[in-house]
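Thanks for sharing this one. Here are a few friendly notes to read alongside the coordinates.

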Amino acid sequence: MEFVHQIFATAFISVVLLYTWRILNWAYISPKRLERLLRKQGLKGNSYRLVSGDLKELLKMAGEAKSKPINLDDDIKPRVMAFIDKTFQKYGNESFFWIGPRPSVIITDPELIKEVMTKSYQYQKPKNSKILTKLLAEGVTSYEGDKWAKHRKLINPAFHLEKLKMMIPAFCLSCDDVLNIWENSLSPEGTCEVDVWPYLQNLSSDAISRTAFGSSYQEGKRIFKLQREQAENIVKASWSIFIPGWRFVPTKSNNRMKEIQKEVQSSIRSLVNERVKAMKAGEGNNKDLLGILLESNFQEIEQNGNKSFGMSIDEVVEECKVFYFAGQETTSVLLVWALVLLSKYPDWQIKAREEVLQVFGNQTPDYGGLNHLKIVTMILYEVLRLYPPIVALDRSVNEETKLGKLTLPAGVQLTMPTIFVHQNPETWGTTRWNSNRTDVAKGCLKHTRAKAKVALAMILQRFSFELSPSYTHAPHTIITLQPQHGAHLLLHKL
């Protein structure tokens, strides 16, 4: 009996020692080892602080920056990425910072960023990011390797030129609804003040509902509301220390995120199931994104005679969530900053309007005419440079990797602050507005650009606009770069 007790005691002590070692290695030994390896290569940064790293200072600076609006002429980087901006000032471009016990090397060289983004098998999304992203939408934007390739192949047909042409009329209807609301708000003098930001969000939401599911915004508005709340929850969670297994702890925040995930999945699944049923009965609609995606998926399975070549219904649901969030967010933020900047630069607003009227007159825009909007296209590219929807990208290094002159040890993260790259004076000469530039943002999705062109063209046809005295310039990030206090404009009927 005593021998058995000794065995259990020894086993218990061994387990305690094992987990003590793992915690010690995670919290101190591994971070200090990584810090030495990075400093040997000339990288600079704060000394490691036990467990929290730079998170406390990062969150404090972000909160302080968010509490203070800025002038329209001010550099937005210190407000949007306060800690990274301070790190550059203190240590220069070859630097790193601490996300809890993990160091993150800051990469600003465009060629190195290109290498990281093209080698997705080597530079993967951080584990915490993957877990949180899954709660929002686990589609093609979050997959890697073979799974990414498969989903990309199945989704591509939805973005072919002919398919995009079919979706433009639906988007025009959504734009017209919003513009009619604005016109009904005009004073007898033909002027009104409008916070255009919620309208642009609703416009994008309505358009995605129509083009993705053939339904009106009313059917999808609950999904958008839930996804926005989920995005805010994810941003808060992303700036906390990643503790393995913490997402399973039934905290109020964790429970709410799971509730939202289930509710959104249930709503979209019902839409998908209805469409699948209709398609099997020969009544399918293949003119919206969902129909095109399902048709592509069924064809792939049929050609190969194996369901593994296609997507499951669960995967289709996740791709629909990506359509909802990514499609709505990218278009609305691009439009809102375009209106703000064209209010600041009225000469460019006039040039853009003259071009729109020359191409379309007072007629509803069509896809063919969009290709002739050269000035509008340049303006949107410049807006994307100054106000990129995503201000930074993160990747993880899981094995020792050579990147440029750096040898990155396993366990290091990479932070690529795109907004700093977009506004690097060594590349662009100035961080100020210059719509004559045409060589940026080539990776922007075709359908996002097309929708933004349509909406901007229709607004320019019917209104001139300027910043209201009540406008407060306060860019901030909730996944995407948004106006914290809205975008109050004075609209004038033409």
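The points below cover a helix pair and two groups of strands.

1. First, the ground rules. This is a predicted model, in which local features need pLDDT of at least 70 and side-chain atom pairs count only at pLDDT 80 or more, while totals for chains, interfaces and linings use all residues. Residues are numbered from 1 along each chain as its sequence is written, and side-chain values use heavy atoms, leaving out hydrogens and water.

2. Helices α14 (residues 346-360) and α16 (residues 374-386) have axes that come within 8 Å and cross at roughly 140°. That makes α14 oblique to α16 (neither under 35 degrees, nor over 145, nor 65 to 115). Trp348, Lys351, Ala352, Glu355 and Val356 of α14 meet Lys374, Ile375, Val376 and Ile379 of α16, where contact means heavy atoms within 4.5 Å.

3. An open sheet of three strands follows the order β4-β12-β9, with antiparallel pairing; strands pair if DSSP finds at least two bridges between them. Its edge strands are β4 (191-195) and β9 (463-467), and the twist averages 30° from one strand to the next. Five bridges link β4 to β12 (residues 488-493), with Cys192 partnering Leu491.

4. Strand β2 (residues 102-106) is largely enclosed by the rest of the structure, because four of its five residues are buried (under 20% relative accessible area, 1.4 Å probe, protein chains only). β2 runs antiparallel to β1 (residues 96-99) over four bridges, and pairs in the parallel sense with β8 (residues 413-416) over three. In β8, Thr415 is the bridge partner of Ile106.

Note on methods: Axes fitted to C-alpha atoms, helices over the stretch in contact; angles between N-to-C directions. Helix = DSSP H or I, 4+ residues; strand = E, 2+ residues; numbered from the N terminus. Buried < 20%, exposed > 50% of the residue type's maximum accessible area, 1.4 Å probe, protein only.
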